[in-house]
Amino acid sequence: MAREHTLILIKPDGLVKSLTGNILTRLSETKLEIAAAKMVRVSRELAEEHYKALKDKPFFEDLIKYIMGEFHERNKVLAMIYTGEGAIKKVRDICGATNPEEADAISIRGQYGRITTKGVYENAIHASANPADAEHEIKLWFKPDEIIFDVYPTKVVDVKIKERVWA
Ligand code: DAT
Ligand code: MG
């Protein structure tokens, strides 16, 4: 099995319901390594790029609002990268099916997900589905220096940036 990297998001419902610790405990069953972690405020641009493959779906607008925290008054997610042999499938297996009603009862989504009366799948966690999605998602959510391993090729460029520093 190849060493892989996978993007995990604890979604706004998971954070609001104080499920972070429970979900991390479930993920530790995979015996994978955490390669990066940070809290992120999700912009519309980031949300739409993350879910761009679904932009023609009828639930797309609600999905964007959900990941931006508009249904939970909490615009943040916990973004992480897990690394190890077969990481993508190991994490997907423990997350369970996309539809929380169909997810195995002891999967993370089976334990903690629900479908709202509006039809939004609040499934608590995102995990990359395959190596191509993982690469797109990891490069979207993280900069190379935020990850403790070299995950994809990088280059060094000269940039002139304005940076916020402590006053
Ligand atoms: P996954 O999150 O398991 O990779 P996906 O990429 O197909 O599933 O869809 C992304 C998210 O969109 C999913 O976590 C919940 C939402 N979603 C998918 N199918 C849906 C549906 N039929 N109705 C409502 N929300 C849906
Ligand atoms: Mg997906």
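A polar contact here is a pair of N or O atoms within 3.5 Å. Keep that in mind for the first view, where an N or O atom in the side chain of N123 is 2.8 Å from an oxygen atom of ligand 1. Everything below comes from a predicted model.

**View 1. Ligand 1 and the side chains that reach its oxygens.** Besides N123, whose N or O atom sits 2.8 Å from a ligand oxygen, two other residues are worth picking out. R92 puts a polar side-chain atom 2.8 Å from an oxygen atom of ligand 1. For K11, the corresponding distance from a polar side-chain atom to an oxygen atom of the ligand is 3.2 Å. The protein covers 76% of the 520 Å² of accessible area that ligand 1 has on its own.

**View 2. The shell around ligand 1.** If you want to select the surroundings of ligand 1, pick K11, Y51, L54, F59, L63, R92, T98, R109, G119, Y121 and N123. By residue class, the shell splits into 5 nonpolar, 3 polar and 3 charged. One of these shell residues, L63, turns up again among the buried residues of α4.

**View 3. R26, a buried arginine in α2.** R26 belongs to helix α2, which spans residues 20-28. Its relative accessible area is 15%, so R26 counts as buried. The side chains of R26 and Q111 make a polar contact at 2.8 Å. Leaving out residues up to four places away in sequence, R26 touches I94, I106, S107, I108 and Q111.

**View 4. The largest nonpolar core.** This core has 27 residues, and the ones with the most contacts inside it are V42, I67, I81, W141, F142 and I147. At least two core residues come from each of β1 (3-10), β2 (33-40), α3 (44-50), α4 (60-67), β3 (77-85) and α7 (131-141). The top contributor is α4, with 5 residues. Zoom in on V42 and you'll find A47, I67, M68, N75, V77 and W141 touching it, not counting residues up to four places away in sequence. There is also a second, separate core of 19 residues, with L19, L27, A87 and C95 among them.

**View 5. Helix α4 and what it packs against.** Most of α4 is covered, with 6 of its 8 residues buried. Those are F60, D62, L63, I64, Y66 and I67. I67 is also one of the residues with the most contacts inside the largest core. The buried residues of α4 pack against β1, α1 (12-16), α3, β3 and β5. Just after the helix, G69 has a positive phi of about 80°.

**View 6. Two non-glycine residues with positive phi, in two loops.** E73 has phi near 45°, a positive value in a residue other than glycine, and lies in the loop between α4 and β3. With a relative accessible area of 71%, E73 is exposed. A124 also has a positive phi without being a glycine, near 70°. Its place is the loop between β5 (121-122) and β6 (125-127). Is A124 buried or exposed? A124 has a relative accessible area of 0%, so it is buried.

Note on methods:
Residues numbered from 1 in each chain as written. Chains lettered and ligands numbered in written order. Heavy atoms only, no water. Near = heavy atom within 4 Å. Polar contact = N/O pair within 3.5 Å; in protein donor to acceptor, adjacent residues only side chain to side chain. Areas by Shrake-Rupley, 256 points an atom, 1.4 Å probe, with all protein chains shown as cover. Nonpolar A, V, L, I, M, F, W, Y, C, P; charged D, E, K, R; others polar. Helix = DSSP H or I, 4+ residues; strand = E, 2+ residues; numbered from the N terminus. Buried < 20%, exposed > 50% of the residue type's maximum accessible area, 1.4 Å probe, protein only. Contact = heavy atoms within 4.5 Å. Core = buried A, V, L, I, M, F, W, Y, C linked by side-chain atoms within 4.5 Å.
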